[in-house]
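Please walk through this structure with the viewer open, one selection at a time. Each stop says what to pick and what is to be found there.

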Protein chains: 2
Amino acid sequence: MSKPSLPQGTRDFSAEVVRKRNYIFNTIRSIFELYGFQPLETPAMENLETLMGKYGEEGDKLIFKILNNGLSDSKNIDKAKAAFENVLLGKNDKNLTERALRYDLTIPFARYVAMNYSLLPMPFKRYQIQPVWRADRPQRGRYREFYQCDADVVGSKSLLNEVELTNIYASAFEKLNIPVEIRINSRKVLAALAEICGGADKMLDITIAIDKLDKIGIEKVKEELQQRGLNAEQISTIEQYLNIAGSNEEKIEALSKLIGDNETGKAGLNEINYLLSNSRLTSATSQIVTDFTLARGLNYYTGIIFEIKAIGANMGSIGGGGRYDDLTGLFGVPNVPGVGISFGVDRIYDVMEELNLFPSDVHTGTQVLFFNLGEAESNAAFQLAQQLRSKGIRSELFHENSKFDKQFKYAEKKVIPYIVILGSKELEEKKVNIKNLSTGEQQTISFDELLNFGF
Amino acid sequence: MSKPSLPQGTRDFSAEVVRKRNYIFNTIRSIFELYGFQPLETPAMENLETLMGKYGEEGDKLIFKILNNGLSDSKNIDKAKAAFENVLLGKNDKNLTERALRYDLTIPFARYVAMNYSLLPMPFKRYQIQPVWRADRPQRGRYREFYQCDADVVGSKSLLNEVELTNIYASAFEKLNIPVEIRINSRKVLAALAEICGGADKMLDITIAIDKLDKIGIEKVKEELQQRGLNAEQISTIEQYLNIAGSNEEKIEALSKLIGDNETGKAGLNEINYLLSNSRLTSATSQIVTDFTLARGLNYYTGIIFEIKAIGANMGSIGGGGRYDDLTGLFGVPNVPGVGISFGVDRIYDVMEELNLFPSDVHTGTQVLFFNLGEAESNAAFQLAQQLRSKGIRSELFHENSKFDKQFKYAEKKVIPYIVILGSKELEEKKVNIKNLSTGEQQTISFDELLNFGF
């Protein structure tokens, strides 16, 4: 028998971690619901064809595929052999793998909307908090199973949605007590930059290079732009663009000059201005920061994009999102625009640990342990524990009449704040001895006083 | 583009269903915590070798295996080919599938306990509420992805655990408002019956046959016992055993006579008596019923076994569990006895629907929709919605200035109880018109009154 282990890149979550994670999930969930978003849960497994081709070539390779069952059955074996040849050529084949694990929450959401379109209220506002799986190489902070936490509105082009999502970010991070910058840009501004620098076909090159700014710095970005065929004048414009700094107003003014009469750029600036003037954050912990260097990689965004940076923590973005033109076209339902945001729960967890932000009452373990000191004594203790439980006090009775020391150690290991000693003398007097394990304070109180004790 | 679909045997859960399911989960979770059980979460994927051989030959076939990634890479291709030959022979091979989806919560729990044994408080009380996956043929009420909801205590032989688990069942079903019978038996009683009827080696045959009693009736059970080689006298004893009826006391007296001096049987009866006399259920909705026909199939139970039957609902068991001698021996840590119970959440859901038991406030959708009647109006409405949200009222502002009719339909489709109309006239007067959509009642109130409205 080999020692048991966990698959690489996966984790067990012990009680303390589960509780802290649930604190994050519940906080975000309650904010989503305050804004009228409704929960959705989709299965871990999707048909392979639902997922393939949606995440680019690299993404496709990271999808976990599920082997069909019964491959060695005589009715399946020949098809399976042929299918395996296909798989070895890097293709997919339903006769070997029909299903795969969810890679994100967006494609299952799109599949759900396409399947249920006529039944859904439009705009449809859903949130979804579930794990996803990716066959990425595991490394610090990157797991093969991790939770995503998304909210999307589909079926609406209104910028009011962006305003509300901005407020959701602000409220959630205020509740979590994490000071953040909500960085915003519009992909239309990036498109305008491309148009100014040699045409719309340069958008991809420019976006890829800009996206690396944080990591490689301006000089390397310029090198990359040169390699990608941009000339000195164009690179100079992009540098000017990337150097835009100051307050939101100053940045917008500078950009305005740079884009001049470019219609796409003006549309992008209008979006940003609308968002800034309508969001009116009341949160003390959040601020909206216009950031024209924000690009959000290669994805399908077309309008406002978001990225969240925790202030005072050494951590990449802890949330992001943006507007897209078409969610469900791939599934046969065209013209469903939308906008969505995502919370990076694993990173939020790390930031909260780093900044010591979890409230102390996240701990919902046992509040009181009754020592077990014999049959009659434990009988009485059990009755008291039952009465405390009916009042919502999390109570335990030690499982056997062991030495004091062993029962103490149990309380310590479980970080139980109070122990109750009910021996034969106490039983006679209908009293208990209660001890606060953190202060050491100890007192003898009646059964009734125990039932009304301020745990 | 083919129409998107879900894999067979899997389900999307819409908002209403998610909320009702969470109501069940949260109720059971809070009871688990009142008794000092702590949450654990394990990954969806386990190493294949952790799971294989634990569920019998039939179970092994129902495990969903995950195909390794990168099989077509030149460094893997030869090994993958050889591995595939093994898979076609019905064997497993790490070079094709290293990982598989969790089949239940017990084996991952055992793996966790074995890996962390020295760090855990003993007895270790954990609960776990997570989905599992089985490649069963889907049918009504049987899914390929479904949640399990388990609580186990390991590292203790004390019957106090059985007493507490019985009380957990009673409290949980009382909170859920489901009247239940908590049926109990001891595997030791069944073992005694086998000893009386030709020896301990008959235990398996007798258990298998008895387990079918509900489905096939006494005559077919007798036929099966005959086919399994039991003689007329033995079958007569078993029939006598299965016919034991009456109150708990009457049943125990009758069994007592039947088993006579059999030591195993007496030990089993002692367990049952202890449980009956110590559980002292105070719940009006639960009763403990001794049921000697209860067998709990082929699994590893060795002491008290449980099964829950909803009273007044046409449904099989909605929970079950029992004591086992050794949880982690298979993973190299011997002598860890325990006892656990499980809640059948899908069936509990169906019973609650059938008996109409979900409380009306499970609905946590939007409480109030502000109509969008233009820019200035919706600006004011947005501010009011923000203030209501800060008071915990789930509020929405319709995303665009559409026709009344469209905004009404949205409210209806989302079952939003209140709509607020804030037009130019109302804006001038700093008033709103609020309408209760279920009663039709309508009134004009000030902004301040709205903020203190009893939603």
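Start by selecting A:E239, which at 22% relative accessibility counts as partly exposed. The model is a predicted one. Now add A:K222: A:E239 forms a salt bridge with A:K222, and their closest N and O atoms are 3.0 Å apart. Colour the two helices to see what the pair joins. A:E239 sits in helix α10 (residues 232-242) of chain A and A:K222 in helix α9 of chain A, so the pair ties together parts that are 17 residues apart in sequence.

Keep A:K222 selected and add A:E219. A:K222 is partly exposed, with a relative accessible area of 21%, and A:E219 is also partly exposed, at 48% relative accessibility. A salt bridge joins A:E219 and A:K222, with 3.7 Å between the closest N and O atoms. How far along the helix are A:E219 and A:K222 separated? They are three residues apart in helix α9 (residues 213-227) of chain A, which means a separation of about one helical turn.

Go next to helix α15 (residues 404-413) of chain A, where A:K409 and A:D405 are four residues apart, again about one helical turn. These two form a salt bridge, the closest N and O atoms being 3.4 Å apart. A:D405 has a relative accessible area of 48% and is partly exposed.

For a group that involves both chains, select A:K125, A:E164, B:R389, B:E396 and B:K414, which are linked in a network of salt bridges. Over all chains, the structure has 54 salt bridges.

**The contact between the chains**

Show chain A and chain B in separate colours. How many residues of chain A are in contact with chain B? The contact takes in 102 residues of chain A and 102 residues of chain B. Together the two chains bury about 8500 Å² between them, and 58% of that is on carbon and sulfur atoms. Select A:L34, A:E41 and A:H399: these supply 8% of the area that chain A buries against chain B, more than any other three residues.

Then turn to the polar side of the contact. Between chain A and chain B there are eight salt bridges. To see a salt bridge with one partner in each chain, select B:R19 and A:E33, whose side chains meet at 3.8 Å, N to O. The count of residue pairs in polar contact between chain A and chain B, both at pLDDT 80 or more, is 42. Highlight helix α4 (residues 77-88) of chain A, which gives six residues, the largest share of the side of chain A that touches chain B.

**The nonpolar cores**

Select A:F370, B:F173, B:I178, B:Y241, B:I318 and B:F343. These have the most contacts inside the largest nonpolar core, which has 119 residues. Helix α6 (residues 160-175) of chain B contributes eight residues to this core, the largest share.

Centre the view on B:F343 and show its surroundings. Which residues is B:F343 in contact with, leaving aside its neighbours within four places in sequence? They are B:I28, B:F32, B:C149, B:I168, B:Y169, B:A172, B:F173, B:I318, B:G319 and B:I348. Apart from this core lies another, of 118 residues; A:V189, A:I348, A:M352 and B:F382 are among them.

**Two cysteines**

Select A:C149, which is buried with a relative accessible area of 0%. Move to A:C197, also buried, at 1% relative accessibility. How many disulfides are there over all chains? The count is zero.

**A buried asparagine**

The last stop is strand β15 (residues 431-436) of chain B, where B:N433 is found. Is B:N433 buried or exposed? B:N433 is buried, at 13% relative accessibility, because the cut-off for buried is under 20%.

Show side chains around B:N433. The side chain of B:N433 makes polar contacts with the side chain of B:Q442, at 3.1 Å, and with the side chain of B:T444, at 3.3 Å. Widen the selection to every residue that B:N433 touches, not counting those up to four places away in sequence: B:I419, B:V420, B:I421, B:E426, B:Q442, B:Q443 and B:T444.

How values were computed:
Residues are numbered from 1 along each chain as its sequence is written. Chains are lettered from A and ligands numbered from 1 in the order in which they are written. This is a predicted model: local features need pLDDT of at least 70, side-chain atom pairs count only at pLDDT 80 or more; totals for chains, interfaces and linings use all residues. Side-chain values use heavy atoms; hydrogens and water are left out. A disulfide is a pair of cysteine sulfur atoms within 2.5 Å. Buried means under 20% relative accessible area, exposed over 50%, partly exposed in between (1.4 Å probe, protein chains only). A nonpolar core is a set of buried Ala, Val, Leu, Ile, Met, Phe, Trp, Tyr and Cys residues joined through side-chain atoms within 4.5 Å. Contact means heavy atoms within 4.5 Å. Buried area is the accessible area (1.4 Å probe) that two parts lose on being put together, summed over both. A salt bridge is a side-chain nitrogen of Lys or Arg within 4 Å of a carboxyl oxygen of Asp or Glu. A polar contact is a pair of N or O atoms within 3.5 Å; within protein, one must be able to donate a hydrogen and the other to accept it, and residues adjacent in sequence count only if both atoms are side-chain atoms.
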